[in-house]
Amino acid sequence: DPLPVPTSAGDAGTSPRLTVDNINPLTNRMLLEYMGRRGIDADIAKAYCKEAYYHFSGRKDRRCFAVAFPNDKGGMELRNPIFKGCAGVKAVTCLDNGGDRCAVFEGFMDFLSYLQYAREHPGLPPMNFCILNSTAMAGRSGEFLSRHRLVHAFLDNDEAGRRTLAELTRRCPRSQVIDHAHLYRDYKDLNDFWIARKRLRNDSEETKTESRKPQLRPKGGMKV
């Protein structure tokens, strides 16, 4: 069935409404390119995301599409280069792999960035995952997070991230909550860090390639 929801947390009576028409496996070239610009490989994006087609109230003739990340209540986080929203019920996304460690993220782009990092560092310990999908959902994650001996927090480097860390620590008194935001302290969040890391690596590779190319030299040598 279509999922009609307000596009913002404002007055549902005055906000445009969004209806999801179709949900498909993630194959849309433009969405995969968008994920690539966010530093996420296609196979990782396809494993955890889908593509959603939707329209806004009064604009059924104008069909939009976005990357869709499911939550535990059947809703979806929607992202494309110009839109950030939610379809259906707003909720957390918990992925239980049976371990006693859990990594917690504010958004799914940070979660996918962690998976990219883990791909390059196979020695990292196995993790369960909790994606809040909004700092407002921190209070609803306590039951899942508190089951873990260690909670690894990869939250944003801002005031909202610090408040969320404090709330998670309060709600998980028997867990050791470890703040990892200092690892990317020069960036807003883990995804921004990962994008910058990949860009730096690509620039480095391009520099190496250019240095190996034969160089044309003017006759008589270079003159300044």
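Colleague: Why is R79 called buried?
Modeller: Buried means under 20% relative accessible area, exposed over 50%, and partly exposed in between, with a 1.4 Å probe and protein chains only. R79 has 12%, so it counts as buried. This is a predicted model: local features need pLDDT of at least 70, side-chain atom pairs count only at pLDDT 80 or more, and totals for chains, interfaces and linings use all residues. Residues are numbered from 1 along each chain as its sequence is written, and side-chain values use heavy atoms, leaving out hydrogens and water.

Colleague: Which residues is R79 in contact with?
Modeller: Contact means heavy atoms within 4.5 Å. Leaving aside neighbours within four places in sequence, R79 is in contact with Y34, A66, V67, K84, G85, F108 and M109.

Colleague: What makes the pair of R79 and G85 a polar contact?
Modeller: A polar contact is a pair of N or O atoms within 3.5 Å; within protein, one must be able to donate a hydrogen and the other to accept it, and residues adjacent in sequence count only if both atoms are side-chain atoms. Here a polar atom of the R79 side chain lies 3.3 Å from the backbone oxygen of G85. That is within 3.5 Å, so the distance fits.

Colleague: Why is strand 5, where R79 is found, described as largely enclosed?
Modeller: Strands are DSSP runs of E with at least two residues, helices are runs of H or I with at least four, and both are numbered from the N terminus. Five of the five residues of strand 5 are buried, so the rest of the structure largely encloses the strand. M76, L78 and N80 point one way, E77 and R79 the other.

Colleague: How do you know that strand 5 pairs with strand 4?
Modeller: Two strands pair if DSSP finds at least two bridges between them. Strand 4 (64–70) and strand 5 share four bridges, in the antiparallel sense. So they pass. A68 has L78 as its bridge partner. The hairpin of these strands has five residues between them, with G74 at a positive phi near 85°.

Colleague: What joins strand 5 to strand 6?
Modeller: Five bridges, running antiparallel. The bridge partner of R79 is K84. This hairpin has two residues between its strands.

Colleague: Why are the buried residues of helix 1 said to be on the same side?
Modeller: They are L31, L32, Y34 and M35. The arc is taken from the directions from the helix axis to the C-beta atoms. These residues cover an arc of only 155°, which puts them on the same side of helix 1. R29 and R37 are exposed on the other side. The cover over the buried residues includes helix 2, strand 3, strand 4, strand 5 and helix 3.

Colleague: What is the order of the five strands in the open sheet?
Modeller: The order is 7-9-8-10-11, with mixed pairing. Strand 7 (93–95) and strand 11 (176–179) are the edge strands, each pairing on one side only. Strand 7 runs antiparallel to strand 9, with three bridges. Strand 8 runs parallel to strand 10, with five.

Colleague: What makes the crossover from strand 10 to strand 11 right-handed?
Modeller: Point the strands away from the viewer: if the path from the first strand over the helix to the second runs clockwise, the crossover is right-handed. Strands 10 and 11 pair in the parallel sense over four bridges. The chain goes from strand 10 through helix 5 to strand 11, and this β-α-β crossover is right-handed.

Colleague: Is L168, in helix 5, buried or exposed?
Modeller: Its relative accessibility is 0%, so L168 counts as buried. Not counting residues up to four places away in sequence, L168 touches V104, A138, S141, L145, L155 and V177. The C-alpha atoms of L168 and L145 are separated by 8.3 Å, 23 residues apart along the chain.

Colleague: Why does H180 count as buried, in the loop between strand 11 and helix 6?
Modeller: H180 has 14% relative accessibility, so it falls under the cut-off for buried. Beyond its neighbours within four places in sequence, H180 is in contact with H152, A153 and F154. H152, A153 and F154 belong to strand 10, where both faces are covered.
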